[in-house]
Amino acid sequence: MSSSLQRTPLADTHVAAGARMVDFGGWEMPLAYGSQLEEHHAVRRDAGMFDVSHMLNVDVSGPQAMDFLQRLVANDVAKLAVPGKALYSCMLNPQGGIIDDLIIYFFSIDQWRVVVNAGTADKDVAWMRRVAAAGQFEVTITPRRDLAMVAVQGPNARAKVWAARPAWQAATEPLTPFVAAQVDDDTLVARTGYTGEDGFEIVVPASQVVTLWNDLAAQGVRPCGLGARDTLRLEAGMNLYGQDMDELTQPNQAGLSWTVSLKSPERRFVGCDALEQLATPCSFVGLKLQERGVMRAHMAVRTPQGTGELTSGTMSPTLGVSIGFARVPLGVEPGQTVDVEIRGKWVPALVCKLPFVRHGKAVEHS
């Protein structure tokens, strides 16, 4: 590993456990601890945990925090009225391209938190400050590199978290999806995740994360790396920034129109003019390969409506076939068969609604 890579507070723990470490967006992160396949199945069948401390928590506070966020992101943060409630959204540039996809937590009218992706964190904070300055919002933007994050996912994830931290159960057992609870100073437990399974994403002070990780491992929660995280999120129909979307991609081109709120004409968020006037039509669909082979990003897709391209592709451990996401022309519909070019051969693939897997079970696609 290059000495220039950033490291999370758990990096030495991963190395000591024999993890294969890789460069992920400038961070030294675990790809797998042994069998990526076993890690994937542990999350689908029991409980696994991921170090996501490379992602950045950013606190947004001040009397105009809500007004600022209404300008900053495409979704409507006014939907958040209950403390701890979270919202998924995209932060757009003036052309409507996606600077990043993120989660926003509401604590009070003047206290919010934004969780951004690792590879875009510095760019995101700079953009947030630029938007705040341009609008002269009375707001404070505070990156929290003093915090660490662990995602515990799987059908038994919550029970194993409570076994490791019994004092947290009373506050976190009532949580519904996309709601968080503050259980201690600088400790947040959210019922969110990136795998399609139940579980928690836990934010703790960086000084406490190694102890938490070890205590979860003692309860049988399996450490998992980036490899399993990618196959899990693909099965769950979840986009990866930098692969399925970027600053040249508008939300509708990545299947994310549902994260854009245009209901209030008075709310002029950054990028809304472009979305209203210059939106480029296309469809974002799932593909399931009908023969042997593995789909990968950037492979060509041939449809009756024209050509498209794979944005992500892998072999699904749960389904035993290759699955992927594709950006294709409008008119390509679920149930239709298209062709994917794999090593010079056109292979048929079924167009599917997303996700492919929900709560550990295959979603039927006719």
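Colleague: Through how many residues does a hairpin join E7 to E8?
Modeller: Bear in mind that this is a predicted model. E7 and E8 pair in the antiparallel sense over five bridges, and Phe106 has Trp112 as its bridge partner in E8. The hairpin that joins E7 to E8 runs through two residues.

Colleague: And in E8, what is the bridge partner of Val60?
Modeller: Here we turn to E5, which spans residues 56–61. E5 and E8 run antiparallel, with six bridges joining them. For Val60, the bridge partner in E8 is Trp112.

Colleague: Is strand E8 largely enclosed or largely open, and why?
Modeller: E8 covers residues 111–116 and has six residues. Buried means under 20% relative accessible area. Five of the six residues count as buried, so the rest of the structure leaves E8 largely enclosed.

Colleague: Let's look at a charged residue in E5. Does Asp59 count as buried or exposed?
Modeller: Asp59 lies in strand E5. Leaving out residues up to four places away in sequence, Asp59 touches Trp112, Arg113, Thr140, Ile141, Thr142 and Arg144. The cut-off for buried is under 20% relative accessible area. Asp59 comes in at 14%, so the label is buried.

Colleague: With which side chain does the side chain of Asp59 make a polar contact?
Modeller: Among the residues that Asp59 touches are Thr142 and Arg144. The polar contact goes from side chain to side chain at 2.8 Å, and the partner of Asp59 is Arg144.

Colleague: On to the cores. Which element gives the largest share of the largest nonpolar core?
Modeller: That core has 31 residues, and those with the most contacts inside it are Phe50, Leu92, Ile98, Tyr105, Met245, Leu256 and Phe269. The elements giving two or more residues to the core are E6 (86–92), E7 (98–108), E10, E12 (187–190), H8 (226–235) and H9 (272–278). The largest share is four residues, and it comes from E6.

Colleague: How many residues does the second, separate core have?
Modeller: Phe68, Leu69, Val114 and Val116 are included in that core. The second core is separate from the first and has 29 residues.

Colleague: Which residue of H9 is Phe269 in contact with, neighbours within four places aside?
Modeller: Phe269 is one of the residues with the most contacts inside the largest core. With those neighbours left aside, Phe269 is in contact with Gln70, Arg71, Val73, Ala74, Leu92, Val260, Ser261, Leu262 and Leu275. H9 spans 272–278, so with a cut-off of 4.5 Å for contact, the residue from that list is Leu275.

Colleague: How wide is the arc that the buried residues of H7 cover around the axis?
Modeller: H7 spans residues 209–218, and Val209, Leu212, Trp213 and Leu216 are buried there. They sit on the same side of H7, because the arc they cover around the axis is only 100°.

Colleague: What do those buried residues pack against, and which residue just after H7 takes a positive phi?
Modeller: The buried residues of H7 pack against helices H1 (11–16) and H5 (157–164), and against strands E4 (48–51), E10 (147–153), E13 (199–205) and E14 (222–223). Just after H7, a positive phi of about 90° is taken by Gly220.

Colleague: In the open sheet E1-E3-E2, which are the edge strands?
Modeller: Three strands form the sheet, in that order and with mixed pairing. Five bridges join E2 to E3 (residues 27–32), and the two run antiparallel. An edge strand pairs on one side only, and that goes for E1 (6–7) and E2 (20–24).

Colleague: What angle does the direction of H8 make with that of E3?
Modeller: H8 packs on this sheet and touches E2 and E3. The direction of H8 makes an angle with that of E3 of about 70°.

Colleague: Now some backbone oddities. Is Phe178 buried or partly exposed?
Modeller: Phe178 has a positive phi of about 70° although it is not a glycine. The residue is placed in the loop between H6 (169–172) and E11 (180–184). Its relative accessible area is 25%, which means Phe178 is partly exposed.

Colleague: And which residues does a cis peptide bond join?
Modeller: Omega is about 5° at this bond. Pro355 is found in the loop between E20 (345–352) and E21 (357–358). The cis bond joins Leu354 and Pro355.

Technical notes: Residues are numbered from 1 along each chain as its sequence is written. This is a predicted model: local features need pLDDT of at least 70, side-chain atom pairs count only at pLDDT 80 or more; totals for chains, interfaces and linings use all residues. Side-chain values use heavy atoms; hydrogens and water are left out. Buried means under 20% relative accessible area, exposed over 50%, partly exposed in between (1.4 Å probe, protein chains only). A polar contact is a pair of N or O atoms within 3.5 Å; within protein, one must be able to donate a hydrogen and the other to accept it, and residues adjacent in sequence count only if both atoms are side-chain atoms. The arc is that of the directions from the helix axis to the C-beta atoms. A nonpolar core is a set of buried Ala, Val, Leu, Ile, Met, Phe, Trp, Tyr and Cys residues joined through side-chain atoms within 4.5 Å. Two strands pair if DSSP finds at least two bridges between them. Axes are lines fitted to C-alpha atoms, for helices over the stretch in contact, and angles run from 0 to 180 degrees between N-to-C directions.
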